[in-house]
Structures are given as structure tokens and as C-alpha cells.
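Dear colleague,

I am handing over the structure we spoke about, and it follows directly below. Once you have it open, please read on for an account of what was found in it.

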Amino acid sequence: MAVPKRRMPRSNTRHRRAQGKAVTPQLVTVTVDGVPYRVPQQPARAYERGLLRPEG
């Protein structure tokens with residue numbers, strides 16, 4: 001792990017940490033056994049192949 005040689009000002013640390021923002025996953029419609037489900041785009045193929053089961 002990197003260790004800074006000098007102390008970083010509090011304002012710089014907080015400014016850096018404030019940049020990361022959580023975003024909601026983009027949902028796509030996937031049909032499983034004839035029933036459409038709204039699932040996140042990234043694992044959509046896993047739902048289509050039956051590797052994951054949609055909830056609901």
C-alpha cells in the first residue's frame with residue numbers, strides 16, 4: 001500500500017473522496033420462462049442462461 005511522504009491537507013482529502021458517486025444500475029428487460037423481468041444490464045446474460053434466478 002502506498003504511504004504518503006507528507007501529510008495531505010484535510011480539504012484535499014475530502015475533495016478527492018467526494019468525487020466517487022454511486023449510480024443506480026441500468027436495467028434491461030429479460031424474458032425468463034415467458035415472464036419478463038427488469039434486471040441489471042451487466043448480469044443479464046447470466047439470467048438468460050439460467051445461471052441466476054430473477055427475484056420477484
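**The hairpin and its loop**

Aspartate 33 counts as exposed, because its relative accessibility is 77%. Please bear in mind throughout that this is a predicted model. Aspartate 33 lies in the loop between β1 and β2, and its phi is near 55°, a positive value in a residue other than glycine. As background to that value, most residues other than glycine have a negative phi. The loop belongs to the hairpin of β1 and β2, in which two residues stand between the strands. The C-alpha atoms of aspartate 33 and glycine 50 are separated by 9.8 Å, while the two residues are 17 apart along the chain.

The strands of this hairpin, β1 and β2, pair in the antiparallel sense over six bridges, and within that pairing leucine 27 stands opposite proline 40 in β2. Threonine 31 is found in strand β1 and counts as exposed, because its relative accessibility is 54%. The C-alpha atoms of threonine 31 and glycine 20 are separated by 33 Å, although the residues are 11 apart along the chain.

**The core and helix α2**

Which residues make up the largest nonpolar core? It has six residues, namely Val30, Val32, Tyr37, Val39, Ala44 and Tyr47, and the elements that give two or more residues to this core are β1 (27-32), β2 (35-40) and α2. In general terms, nonpolar side chains tend to be buried together in soluble globular proteins. One member of the core, tyrosine 47, touches Val30, Val32, Val39, Leu52, Arg53 and Pro54, if residues up to four places away in sequence are not counted.

Arginine 45 also has its place in helix α2, which spans residues 44-49. Is arginine 45 buried or exposed? With a relative accessible area of 58%, arginine 45 is exposed, because the value for that class is over 50%. The C-alpha atoms of arginine 45 and valine 23 are separated by 21 Å, with the two residues 22 apart along the chain.

**The chain as a whole**

The protein chain contains two helices and two strands, and read along the sequence it follows the pattern α-β-β-α. Its radius of gyration is 20 Å, well over the 10 Å that the globule rule gives for 56 residues, so the protein chain is more spread out than a compact globule. Taken along the principal axes, the C-alpha atoms fill a box of roughly 60 × 20 × 15 Å.

As for burial, 14% of the 56 residues of the protein chain count as buried, and the accessible surface comes to about 5,800 Å², of which 50% belongs to carbon and sulfur atoms. Finally, if one takes the contacts in the protein chain between residues at least 6 apart in sequence, 0% of them join residues at least 24 apart.

With kind regards

Notes
Residues are numbered from 1 along each chain as its sequence is written. This is a predicted model: local features need pLDDT of at least 70, side-chain atom pairs count only at pLDDT 80 or more; totals for chains, interfaces and linings use all residues. Side-chain values use heavy atoms; hydrogens and water are left out. Helices (H or I, at least four residues) and strands (E, at least two) are DSSP runs, numbered from the N terminus. Buried means under 20% relative accessible area, exposed over 50%, partly exposed in between (1.4 Å probe, protein chains only). A nonpolar core is a set of buried Ala, Val, Leu, Ile, Met, Phe, Trp, Tyr and Cys residues joined through side-chain atoms within 4.5 Å. Contact means heavy atoms within 4.5 Å. The radius of gyration is taken over C-alpha atoms; the globule rule is 2.2 Å times the number of residues to the power 0.38. Accessible areas come from the Shrake-Rupley method with a 1.4 Å probe; for residues, only the protein chains shown count as cover. Two strands pair if DSSP finds at least two bridges between them.
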